[in-house]
Amino acid sequence: MDAIEAKNLCKSFGPVTAVDDVSITIPEGSIFGFLGPNGAGKTTTIRMITGVLIPDAGTVRILGTDVQNDPLAAKLKMGVIPENGTVYSDLTAWQNILLAAKFYGMDRAGREERATEILDRLGLAERRDDYVRTFSKGMRQRISIACAIVHSPPVLILDEPTTGLDVYSRRLVIDTVRHMNREGSTILLTTHNIEEANALCSIVSIINRGKIVATDSPEKLKKTFDTSRYIEVSFDRAVEPGLFSAPGITRAEAWGDKWRVYTDDPDRAVKHIASAAERSRLAIVSIATSNPTLEEAFVRLTAGAPP
Amino acid sequence: MTDYATFFRSIAVITEKNMRIYYFKGPVVVFGLLFPLIMFLTFFIGRNLDLVLFFPGFLGMMLFFTASSVGPLITPWEKREKTYERLISLPVILESIIIGDLMAGAIFGIAITAIVFTACAVFFPIPLASAGLLGLGFALGSVAFAALGTLLASPTTDNPSNIMMLSSLIRLPLIFISGIFIPLSQLTGPLFLLTSLSPLTYLVDLFHAALNGDAVYPPWIDMLVLLAVIILFVGFAKVIQKRNLVKGI
């Protein structure tokens with residue numbers, strides 16, 4: 001049985017079509033990444049999947065249970081970390097987790113044992129009796145995750161869980177996602193961080209302007225754009241982009257103190273760069289070729305998306 | 001909906017959450033406790049009025065203000081604090097949220113009004129014509145006006161002060177047309193007709209029946225009107241909040 005099965009989801013807000021006939025099937029046990037630029041429809045899709053937003057058309061099933069027809073049973077199978085949702089700042093960390101556990105019908109002993117275990121794992125055991133209003137954003141997000149996983153949900157849905165977090169909190173979130181997946185949870189996460197999706201996800205869907213434009217494993221998506229590789233090169237002084245105008249070079253971008261030169265023929269492009277550097281009496285400080293990335297696939301698939 | 005245990009549990013947990021978080025918020029204390037007390041002091045103290053005659057009106061006003069003060073705060077507050085989105089992603093449905101908010105308001109109303117009633121009964125010779133009617137008045141009145149509070153919280157906003165202002169705009173005029181400051185039995189003509197439009201009139205009248213035994217309407221009419229008001233307010237709250245969910249606001 002599929003963990004999440006969303007079919008033909010549509011949602012419009014007035015004249016704007018936010019989600020247009022989106023279908024997603026997520027097999028049990030997988031980590032599914034949902035990528036897309038801002039305003040592409042990721043959060044709207046997630047809100048429909050979690051039963052927060054009523055779709056104009058389409059159905060969502062969580063482990064076979066229809067979210068619209070049987071929302072309570074479907075929501076019992078989910079743990080959700082909404083992008084625009086946080087925990088109660090007027091309650092302590094401990095009270096927030098116990099409150100969430102009560103919604104899932106856990107008994108008192110089970111609630112307390114699980115809350116202790118999670119707070120410990122998330123590095124907040126010493127702050128359990130502090131009000132959440134005194135917490136940093138990263139700590140609040142960890143409590144939000146604790147509330148979502150307290151009942152060991154078979155399906156865990158995270159909407160931009162690492163956005164704006166410090167390195168430590170981010171690492172804890174990623175570790176928790178991996179841990180939950182090892183424990184048997186199916187994960188659906190949206191992220192802006194392509195490398196994060198690349199490292200975590202077994203399947204990735206890319207959404208653009210409300211439509212799914214690609215769904216595959218990260219490696220297969222990268223191979224789709226195997227014709228596009230890039231060369232990273234830096235010189236001893238600043239250069240103009242015209243230096244890279246040559247057949248076979250599709251585009252060149254300034255990349256910090258380097259240039260990233262995209263090409264479908266690395267051999268030809270490297271030779272061109274070397275000869276152009278010699279003509280202009282430039283010294284090459286560093287040069288490296290790279291395989292296609294998921295980011296390149298993302299950029300290609302979402303080309304023309306509004307910034 | 002098939003899982004009644006989850007449904008009732010969600011109502012209980014939402015009620016508990018509301019009681020724990022919102023009972024001591026400033027707007028609830030000001031509009032639920034201080035406001036009726038100030039109204040009482042303004043209109044009753046120093047005017048040599050028959051306290052026994054006016055006590056049902058005061059009790060009705062107290063229950064009205066306390067029960068309707070919690071509901072308007074909850075949803076706008078949760079939307080502002082961004083806890084609402086998390087709440088609706090938990091195993092709850094719209095009905096759980098509405099009833100949970102309503103229950104928190106009703107319990108607050110009953111508790112505070114019962115304390116005031118008991119304290120007054122200790123110091124003043126308050127008659128009691130029917131304890132059963134008094135209990136029914138407490139139950140129906142608290143739920144009806146907690147439902148009003150929940151309805152007032154339904155329009156889309158994440159600014160609690162907007163809703164508290166709207167709530168005062170609706171609640172304040174009601175106390176002047178509900179037989180609190182002038183007993184219903186002394187009203188005639190258009191004024192009497194005007195009072196019949198206010199749901200608070202029927203609670204005050206029910207308290208008159210329960211305490212002094214001098215109600216204008218038969219108690220079953222008061223109870224029927226209060227029941228209808230509950231159904232109407234909860235129904236409207238559900239329609240508005242469902243529309244908000246469809247619009248994603």
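This report describes the contact between chains A and B, the nonpolar cores, and three buried residues of chain A in a predicted model.

Residues are numbered from 1 along each chain as its sequence is written, and chains are lettered from A in the order in which they are written. In this predicted model, local features need pLDDT of at least 70, side-chain atom pairs count only at pLDDT 80 or more, and totals for chains, interfaces and linings use all residues, while side-chain values use heavy atoms, with hydrogens and water left out.

## The contact between the chains

Chain B contributes 34 residues and chain A 32 residues to the contact, where contact means heavy atoms within 4.5 Å. The area buried between the two chains is about 3,100 Å², and carbon and sulfur atoms give 60% of that area. Buried area is the accessible area (1.4 Å probe) that two parts lose on being put together, summed over both. B:Glu85, B:Arg86 and B:Pro91 supply 23% of what chain B buries against chain A, more than any other three residues.

Between chain B and chain A there are 3 salt bridges, a salt bridge being a side-chain nitrogen of Lys or Arg within 4 Å of a carboxyl oxygen of Asp or Glu. A salt bridge joins the side chains of A:Lys102 and B:Glu16 (2.7 Å, N to O). The two chains also share 12 residue pairs in polar contact, both residues being at pLDDT 80 or more. A polar contact is a pair of N or O atoms within 3.5 Å; within protein, one must be able to donate a hydrogen and the other to accept it, and residues adjacent in sequence count only if both atoms are side-chain atoms.

On the side of chain B that touches chain A, two or more residues come from each of helix H1 (4–22), helix H3 (51–81), helix H4 (84–89) and helix H10 (219–247) of chain B. H1(B) gives the most, with 11 residues. Helices (H or I, at least four residues) and strands (E, at least two) are DSSP runs, numbered from the N terminus.

## Nonpolar cores

A nonpolar core is a set of buried Ala, Val, Leu, Ile, Met, Phe, Trp, Tyr and Cys residues joined through side-chain atoms within 4.5 Å. Buried means under 20% relative accessible area, exposed over 50%, and partly exposed in between (1.4 Å probe, protein chains only). The largest nonpolar core has 129 residues, of which A:Ile143, B:Met61 and B:Ile175 touch the most other members. H3(B) gives the most to this core, with 14 residues. Another core, of 28 residues, lies apart from it and includes A:Phe34 and A:Leu188.

## Three buried residues of chain A

| Residue | Place in chain A | Relative accessible area |
|---|---|---|
| A:Ser30 | loop between strand E2 (16–27) and strand E3 (31–35) | 9% |
| A:Thr92 | loop between strand E6 (78–81) and helix H3 (93–103) | 6% |
| A:Arg114 | helix H4 (residues 108–121) | 11% |

The side chain of A:Ser30 reaches the backbone oxygen of A:Pro27 at 2.7 Å. Beyond four places in sequence, the contacts of A:Ser30 include A:Asn181, A:Ser185 and A:Ile203. With the same exclusion of residues up to four places away, A:Thr92 touches A:Arg128, A:Asp129, A:Asp130, A:Tyr131 and A:Val132.

The side chain of A:Arg114 reaches the backbone oxygen of A:Val150 at 3.0 Å and makes a polar contact with the side chain of A:Ser152 (3.3 Å). Residues that A:Arg114 touches, not counting those up to four places away in sequence, include A:Met106, A:Ile149 and A:Met180.
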